[in-house]
Amino acid sequence: GDEESPRYKLMVKANTTLRQLEDEVTAIYTAVAQVYGAKFPELEGLVPSAAAYLAVVERVQNETDMTLCNLLEILPPSQAMVVTVASSATMGRDLAPAELRTCLDGCAEAKLLAADRRALLGFVEACMQLSAPGLCALVGAPLAAQLVGLAGGLEALSRIPACNVQVMGHARHSK
């Protein structure tokens, strides 16, 4: 069947790689937040998205006057305002050059990984459109690809009772 095709096997492998890229970006975010916390400890609680957090760190660096850092290109206006106000009251300190370099290197690496992830996601979605057009029409190609990956294949997914499909991602995220 379709599960033996090279395209299908490549798509399953790509799906695994997508999860690994996501995990890697999360690890980088955690490492950067640990170092940058010395400069602006409140930031992590104010910017819930790892990508936005890293973008803010890259933009702000050691700047103490947030009005000089156009955060509106990164954050919604209300969030940018809260971050700016919090920064004026933070007890954080400027980072040493080596600490700042560590943070900026992490931001750059995460940006590259995110670009790779977007490209790979495009490939997986295109494959899904070919392999399971009905499923893609029903839930969209990104979710279809995740479901097939979590189930361990299209055929395996087709055998899972509908009531179990809604909890498939839960087991992985609750570890």
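These legends describe close-up views of a predicted model.

**View 1. A nonpolar patch on the surface.**
Leu-138, Val-139 and Leu-143 form this nonpolar patch. Together, the three residues have about 270 Å² of accessible area. Leu-138 belongs to helix α6, which covers residues 133–139. Leu-138 is exposed, because its relative accessible area is 70% and the exposed class begins over 50%. Val-139 also lies in helix α6. Val-139 has a relative accessible area of 33%, so this residue counts as partly exposed.

**View 2. Val-139 and Glu-22.**
This view pairs a patch residue with a residue far along the chain: Val-139 and Glu-22 are 117 residues apart in sequence. Their C-alpha atoms are separated by 21 Å.

**View 3. A salt bridge between Glu-73 and Arg-59.**
The two side chains meet with an N to O distance of 3.0 Å. Which parts of the chain does the pair tie together? Glu-73 sits in the loop between α3 (50–60) and α4 (77–89), while Arg-59 sits in helix α3, so the bridge links parts that are 14 residues apart in sequence. Is Glu-73 exposed or buried? Glu-73 is exposed, at 58% relative accessible area. Arg-59 is partly exposed, with a value of 32%.

**View 4. A salt bridge between Glu-99 and Arg-93.**
Here the side chains of Glu-99 and Arg-93 come together at 2.9 Å, N to O. Glu-99 has a relative accessible area of 23%, so this residue is partly exposed. Arg-93 is partly exposed too, with 42% relative accessibility.

**View 5. A salt bridge within helix α8.**
Glu-155 forms a salt bridge with Arg-159. Their closest N and O atoms are 3.3 Å apart. How are the two residues placed in helix α8? Helix α8 spans residues 154–159, and the partners are four residues apart in this helix, so about one helical turn separates them. Glu-155 is partly exposed, at 47% relative accessibility. Arg-159 is exposed, with a relative accessible area of 58%. By the rule used here, the count of salt bridges comes to seven.

**View 6. The largest pocket.**
How much space lies in the largest pocket? The volume is about 320 Å³. The pocket is lined by 16 residues, and those closest to its centre are Val-25, Ala-51, Ala-110, Lys-111 and Ala-114. How is such a space found? Rolling a probe the size of a water molecule over the atoms shows where empty space is left.

**View 7. The lining of the largest pocket.**
Which helices each supply at least two residues of this lining? They are α1 (6–36), α3 and α5 (97–131). Helix α5 gives the most, with seven residues. By character, the lining divides into ten nonpolar residues, one polar residue and five charged residues.

**View 8. A positive phi at Gln-61.**
The phi angle of Gln-61 is near 50°. This is a positive value in a residue other than glycine. Where in the chain is Gln-61 found? Gln-61 lies in the loop between α3 and α4. With 30% relative accessibility, Gln-61 counts as partly exposed.

Conventions: Residues are numbered from 1 along each chain as its sequence is written. This is a predicted model: local features need pLDDT of at least 70, side-chain atom pairs count only at pLDDT 80 or more; totals for chains, interfaces and linings use all residues. Side-chain values use heavy atoms; hydrogens and water are left out. Patches are made of residues with over 30% relative accessible area and no salt bridge: like charges are joined within 9 Å, nonpolar side chains (Val, Leu, Ile, Met, Phe, Trp, Tyr) within 5 Å. Accessible areas come from the Shrake-Rupley method with a 1.4 Å probe; for residues, only the protein chains shown count as cover. A salt bridge is a side-chain nitrogen of Lys or Arg within 4 Å of a carboxyl oxygen of Asp or Glu. Buried means under 20% relative accessible area, exposed over 50%, partly exposed in between (1.4 Å probe, protein chains only). On a 1 Å grid over the protein atoms alone, a cavity is a set of points where a 1.4 Å probe fits but cannot get out, and a pocket is an open set with protein on both sides within 12 Å along at least five of seven lines; lining residues have an atom within 4 Å of a point. Grid points are joined across faces, edges and corners, and a volume is the space filled by probe spheres set on the points. Ala, Val, Leu, Ile, Met, Phe, Trp, Tyr, Cys and Pro count as nonpolar, Asp, Glu, Lys and Arg as charged, and the others, Gly among them, as polar.
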